[in-house]
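Colleague: Pick one part of this model for me and go through it closely. I'd like to hear about paired strands and the salt bridges that go with them.

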Amino acid sequence: MLLKAEGVSKRFGAVHALDRVNLLLQAGQVLALAGENGSGKSTLSRILAGGIVPDAGRILLDGREVRFTDPRSALEAGICLVSQEPTLVPHLSVAENVLLTRIGGPGRLISRARLTREAQPLLDRVGLRVDPAAPLSSLPPGDRELVEVAKALAPDPRVLILDEVTARLPDPERLFRVIDGLRAQGVGVVFISHRLREMRRLAKCATVLRDGRNAAELDWIDMTDEKISAAMVGRDLGELYHKTPVPVGPIRLEVRDLVTGRSPNPVSFSVRAGEILGVGGLVGSGRSDLLETLAGARPRRSGRVLLDGRRVRVRRPRDAQRAGIVLVPEDRLNQALVGEHSITDNLAMAWHRPLRRTERPADRARAERAISAYGIRCGGTHLPVCSLSGGNAQKVALAAAVGLAPRVLLLDEPTRGVDVGARADIYAILTGLATRGAALVLVSSDLLELIGLADRIIVLADGRVAGELTGEEITEEAVALLALGGGDT
């Protein structure tokens with residue numbers, strides 16, 4: 001036995017985040033920790049890594065009880081956490097971020113040349129080929145995530161906890177190879193992900209939490225999608241994607257030779273009323289730029305956008321919203337929501353205009369209806385959005401967008417970091433919108449999600465449309481081939 005959590009409990013006010021939770025990790029083992037958003041996974045991870053002190057229970061390392069009062073004490077014992085929220089410092093160099101745990105206190109002289117030398121092997125270990133002296137802010141999000149992993153490896157941990165690390169990685173297989181190497185060296189890994197295929201790829205067993213309690217212990221044979229998801233949500237999800245045939249109407253959105261501010265390649269496509277158009281491609285292929293340009297968040301160089309056959313001019317998000325084009329962005333907490341404000345306020349922002357008096361009773365009533373309709377799990381409409389789990393925060397962002405009655409809804413990674421139960425709810429909402437005649441444009445790095453929801457798929461590569469897939473042409477292999485620049489187009 002390497003690490004054991006025994007009867008761990010934790011309350012935050014009236015919320016019982018963990019209730020007598022148990023966990024067992026062996027040396028050289030990868031243990032999947034599964035559960036819905038809000039099930040207690042991150043709380044347990046932070047307790048194991050010294051970020052939170054439990055109210056009850058005990059932690060054992062090598063059979064001996066340990067008490068951590070802060071992350072430094074856990075790190076010194078050999079336990080390191082890579083959390084789902086970034087902890088790096090953008091204005092520092094890559095090397096400085098990788099070796100943050102080795103850098104001393106204020107006033108201590110630092111040799112940048114030495115940091116570069118020591119950081120390079122750690123960057124090589126995670127397969128990241130970047131200049132250690134480059135500022136972290138110059139790296140794309142996926143590479144920054146690998147810097148987080150390299151930083152976690154710097155103190156040579158015996159226990160590595162990875163909390164939703166793959167959500168921002170363009171190629172998770174690079175990380176998987178690192179984990180395989182750590183396992184061979186006897187390191188214990190607690191792997192948290194909402195992607196069930198990743199759990200099966202890495203782990204031979206899984207601990208499932210539900211509502212802050214142990215819900216199931218599964219070995220590799222029992223780690224099927226159906227058994228994991230049923231243990232997580234306490235119900236059979238049935239057909240996850242809720243895919244139902246929807247009669248498509250006339251062309252709702254037509255994009256002609258649109259050139260965004262970040263790519264010289266013109267993009268053209270159309271989407272009909274009642275249709276879900278998927279947009280595939282690798283990170284950096286221009287998918288987010290395309291959606292943000294259509295939504296007025298980025299300027300366009302040239303091209304035309306037609307809505308129901310009429311040209312629309314979009315210079316800012318408000319123009320797009322007035323025309324009926326609404327975006328649900330990938331970064332919900334920084335682009336779609338104001339974390340410190342309440343659920344009521346975040347939903348009201350979509351309707352209020354500058355200098356207009358707010359109607360608080362009406363706003364609260366609207367928020368209560370949204371909570372009921374979207375299945376948002378919370379303690380009340382007054383709570384700040386930052387207190388919600390990822391899936392519930394995403395439902396708030398989606399509710400705010402749908403509240404604008406969009407004719408075209410643009411969705412950028414709508415289920416990133418969202419558990420399987422909340423995904424099922426979101427998929428039902430999206431297909432319901434299509435049934436009512438909205439046109440949906442869906443960007444997703446999850447190929448199964450893209451294939452499961454989309455009626456057609458266009459694939460971007462280097463800012464251009466590499467190809468279009470329909471019907472039986474839509475396969476994981478076909479999307480991947482086009483994303484890499486292959487195919488006939």
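Modeller: Here is a walk through one set of strands, followed by a second hairpin for company. A quick word on the ground rules: this is a predicted model, so local features need pLDDT of at least 70 and side-chain atom pairs count only at pLDDT 80 or more, while totals for chains, interfaces and linings use all residues. Residues are numbered from 1 along each chain as its sequence is written, and side-chain values use heavy atoms, with hydrogens and water left out.

Let's start with β4, residues 56–61; strands here are DSSP runs of E, at least two residues long, and helices are runs of H or I, at least four long, both numbered from the N terminus. On one side, β4 pairs with β1 (residues 3–12) in the antiparallel sense, over 5 bridges; a pair of strands needs at least two DSSP bridges between them. In that pairing, Arg58 of β4 has Glu6 standing opposite. β4 also runs antiparallel to β5 (residues 64–66), joined by 3 bridges, and there Ile59 faces Val66. The β4–β5 hairpin leaves 2 residues between the strands, and Asp62 takes a positive phi near 55 degrees.

Now for the charges. Side chains of opposite charge can pair when their charged atoms come close. The structure holds 31 salt bridges, counted wherever a side-chain nitrogen of Lys or Arg is within 4 Å of a carboxyl oxygen of Asp or Glu. One of them joins Glu65 and Arg58, with the closest N and O atoms 3.8 Å apart. Both ends are partly exposed: Glu65 has a relative accessible area of 39%, and Arg58 comes in at 32% (buried is under 20%, exposed over 50%, partly exposed in between, using a 1.4 Å probe and protein chains only). That pair has company, too, since Lys4, Glu6, Arg58, Glu65 and Arg67 are linked in a network of salt bridges. So Arg58 is a busy residue: opposite Glu6 across the strands, and a member of that network.

β1 has another tie worth a look. Lys10 forms a salt bridge with Asp55, and their closest N and O atoms are 3.4 Å apart. Lys10 lies in β1, whereas Asp55 is in the loop between α1 (41–48) and β4, so the pair ties together parts 45 residues apart in sequence. Lys10 counts as buried, at 12% relative accessibility, while Asp55 is partly exposed at 48%.

For the second hairpin, move along to β11 (residues 251–260) and β12 (residues 267–272). These strands run antiparallel with 5 bridges joining them, and 6 residues sit between them in the hairpin. Leu258 has Val267 of β12 as its bridge partner. In a regular strand the side chains alternate between the two faces of the sheet. β12 shows the pattern nicely: Val267, Phe269 and Val271 point to one face and are buried, while Ser268, Ser270 and Arg272 point to the other and are not.

β11 brings in a salt bridge as well, between Arg252 and Asp308, with the closest N and O atoms 2.9 Å apart. That one links distant parts of the chain, from Arg252 in β11 to Asp308 in the loop between β14 (300–307) and β15 (310–311), 56 residues apart. Arg252 is buried at 17% relative accessibility, and Asp308 is partly exposed at 32%.
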